[in-house]
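Reader: I would like to learn how to read a structure of this kind. Please show it and take me through some of its features.

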Amino acid sequence: DLLRDECRRVRNLVHPGIVRVYDFHHDGPHAFISMQYVPGATLVDFRGQAWMNILQAVLPVTDALEYAHRQGLVHRDVKASNVLLGEQQQPLLTDFGVAALTGSESDNSRFLKAGGSLPGMSPQQLGGAEPAIADDIYGFGSMLYELLSGQPLFHPDVTEQKVIQQSPPRLDALDLSLEPPADLVGLVATMLQKNPLHRPQSIATVRAAIERLLIDEIIEDAAKTIIKPKRRKVATSGLLEQQGNHPPPLQPAKDSVGEGLSRKVIVAGAALVVLLISVVVLLPAYVANKAIEQ
């Protein structure tokens, strides 16, 4: 029944970031579903990597989740091991086995109502509340926490009581070799709030925050790579003797080419970087989403 329900829920989900489910099959006592073959590993391989790499890897997952949410479906088991990596290392969300329609009361068993992986289950999901987008927001935050810290929430002794009552240590309180920026630490902490009203209210909001972090970092890196031109050296040999051992104040060469970059040039360069990012990264995703909607 679980496989049949998963097939029924997910078969109509057609998105480049979601593993396709084709059909439900039954052969005597055996039941199975046919799915898209994905040869790669999972996002678990990104544990402990640089935060920029992690954000770039999870960004497409926000598009997949937003698409599912528009269909009224909540995944309810968002975690690194449920995001497969395709041949081109593109992330593909899978395992909608405990997914449910928002506001659904059709599931009678506690497993179906609260099913998922304990570290990524929201307190509301664990308590058997109706499925809600806020559950996937929490799960996505839990996945980010695991990838950035290198271990799941409350590892190694996660319990239901901790999920419901305790807040995990903030990322900036952990001894991490690659410390994430303050805005990312705050974003993850917000997604893991116990009260669903205190979390971001849509996965689109999370995606916008991630894109802003990536763009800001790229601009900052671009600014750091600007090579300042060397000042022309002024020959001082013999001047000490001519001036009674008191060297004259050195004046910068006014005719040196590129005497420092003006603020306007730096701003223009940053704007160009943002434009390039928008065209190369954001525009294809926007076009793909529009194609899916049509």
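Author: What follows goes from the whole chain to a hairpin and then to a single residue. This is a predicted model, in which local features need pLDDT of at least 70 and side-chain atom pairs count only at pLDDT 80 or more, while totals for chains, interfaces and linings use all residues. Residues are numbered from 1 along each chain as its sequence is written, and side-chain values use heavy atoms, with hydrogens and water left out.

Reader: How many helices and strands does the chain have?

Author: Helices (H or I, at least four residues) and strands (E, at least two) are DSSP runs, numbered from the N terminus. Here the chain has 10 helices and six strands.

Reader: In which sense do strands S1 and S2 pair?

Author: Two strands pair if DSSP finds at least two bridges between them. S1 (residues 21-27) and S2 (residues 30-35) are antiparallel, with six bridges. Asp-27 has His-30 in S2 as its bridge partner. Two residues lie between the strands of this hairpin, and Gly-28 has a positive phi near 60 degrees.

Reader: Is Glu-146 buried or exposed?

Author: Buried means under 20% relative accessible area, exposed over 50%, and partly exposed in between (1.4 Å probe, protein chains only). Glu-146 counts as buried because its relative accessibility is 10%. Of the chain's 294 residues, 39% count as buried.

Reader: Where does Glu-146 lie, and which residues does Glu-146 contact beyond its neighbours within four places in sequence?

Author: Contact means heavy atoms within 4.5 Å. Glu-146 belongs to helix H5 (residues 133-149); outside those sequence neighbours, Glu-146 contacts Arg-47, Ala-80, Gln-151 and Pro-152.
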